[in-house]
Amino acid sequence: MFFRRQDADAVEMMVGLTRRVLATSEGLMLAEFTLDQGAEVPAHSHPHDQVGYVVSGRMRMVIGDKIAECGPGDSYHAAPNVPHSGEALVPSVVIDVFCPPREDYV
């Protein structure tokens with residue numbers, strides 16, 4: 001199966017943060033997040049395993065008790081049920097993979 005970005009609905013999750021579900025299967029979900037400078041993803045947790053990749057920009061990520069600034073080419077992992085958050089230090093694009101897929105994003 002193939003998915004086209006232009007077919008993915010842009011969902012404004014909050015001011016300055018847009019989500020597009022790029023592809024999904026029974027076991028995985030690929031999502032793109034576009035963040036304006038200063039946009040924040042508040043601390044949250046979920047039962048899904050999550051890995052992410054910073055395509056462009058610069059993000060301050062907090063995962064559990066660890067804090068890091070991530071730039072293009074950097075990646076991260078948030079294990080299931082571990083609190084995590086992020087802030088776009090500049091306009092940024094991030095790709096996240098969730099396993100299993102996020103039901104609330106479908």
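# Exercises on an all-strand chain

Gly52 stands opposite Tyr76 in β8. The model is predicted, so local features need pLDDT of at least 70 and side-chain atom pairs count only at pLDDT 80 or more, whereas totals for chains, interfaces and linings use all residues. Residues are numbered from 1 along each chain as its sequence is written, and side-chain values use heavy atoms, with hydrogens and water left out.

**Exercise 1.** Determine which strand joins β8 through four bridges, and place β8 in its sheet.

*Solution.*
Step 1. Strands are DSSP runs of E with at least two residues, and helices are runs of H or I with at least four, both numbered from the N terminus. Two strands pair if DSSP finds at least two bridges between them.
Step 2. The strand joined to β8 by four bridges is β5, residues 49-56, and the two run antiparallel.
Step 3. The sheet is open, with six strands in the order β1-β2-β3-β10-β5-β8 and antiparallel pairing.
Step 4. Strands β1 (11-14) and β8 (75-78) each have a single partner strand, so at these edges one side of each is left without a neighbour in the sheet.
Step 5. From one strand to the next, the twist averages 25°; axes are lines fitted to C-alpha atoms (for helices over the stretch in contact), with angles from 0 to 180 degrees between N-to-C directions.

**Exercise 2.** Describe the strands that join β10, and state how far β10 is enclosed.

*Solution.*
Step 1. Strand β3 (residues 29-35) is linked to β10 by seven bridges in the antiparallel sense. Thr34 is placed opposite Val93 of β10.
Step 2. β5 also pairs with β10 antiparallel, over seven bridges, and Tyr53 has Ile95 in β10 as its bridge partner.
Step 3. A residue is buried under 20% relative accessible area, exposed over 50% and partly exposed in between (1.4 Å probe, protein chains only).
Step 4. In β10, residues 92-99, six of the eight residues are buried, so the strand is largely enclosed by the rest of the structure.

**Exercise 3.** Characterise the surroundings of Arg20 in strand β2.

*Solution.*
Step 1. Arg20 belongs to β2, which spans residues 17-24.
Step 2. Its relative accessibility is 18%, so Arg20 counts as buried.
Step 3. With contact meaning heavy atoms within 4.5 Å, and residues up to four places away in sequence not counted, Arg20 touches Arg5, Ala8, Asp9, Ala10, Leu30, Ala31, Glu32 and Thr34.
Step 4. For Arg20 and Thr34, a separation of 14 residues in sequence goes with 8.6 Å in space, C-alpha to C-alpha.

**Exercise 4.** Classify the aromatic pair formed by Phe98 and Tyr105.

*Solution.*
Step 1. Rings of Phe, Tyr and Trp (its six-membered ring) pair if their centres lie within 6.5 Å; planes under 30 degrees apart are stacked, over 60 edge-to-face, and the rest tilted.
Step 2. The rule yields two aromatic pairs. Phe98 and Tyr105 form an edge-to-face pair, at 5.7 Å centre to centre and 90° between the planes.
Step 3. Phe98 is buried at a relative accessible area of 2%, and Tyr105 is buried at 11% relative accessibility.
Step 4. One aromatic cluster is formed by Phe33, Phe98 and Tyr105.

**Exercise 5.** Give the strand order of the open sheet of four strands.

*Solution.*
Step 1. The order is β4-β9-β6-β7, with antiparallel pairing.
Step 2. At the edges stand β4 (40-44) and β7 (66-70), each pairing on one side only.
Step 3. Neighbouring strands of this sheet are turned against each other by 15° on average, direction ignored.
Step 4. β4 is joined antiparallel to β9 (residues 84-88) by three bridges; Val41 has Gly86 in β9 as its bridge partner.

**Exercise 6.** Summarise the protein chain as a whole, beginning with its helices and strands.

*Solution.*
Step 1. The protein chain holds zero helices and 10 strands.
Step 2. The radius of gyration (over C-alpha atoms) is 13 Å, close to the 13 Å from the globule rule for 106 residues, so the protein chain is as compact as a globular protein of that length; the rule is 2.2 Å times the number of residues to the power 0.38.
Step 3. Along the principal axes, the C-alpha atoms fill a box of roughly 35 × 25 × 25 Å.
Step 4. Of the 106 residues, 37% count as buried.
Step 5. Among contacts between residues at least 6 apart in sequence, 62% join residues at least 24 apart.
Step 6. The protein chain exposes about 6200 Å², of which carbon and sulfur atoms supply 56%; accessible areas come from the Shrake-Rupley method with a 1.4 Å probe, and for residues only the protein chains shown count as cover.
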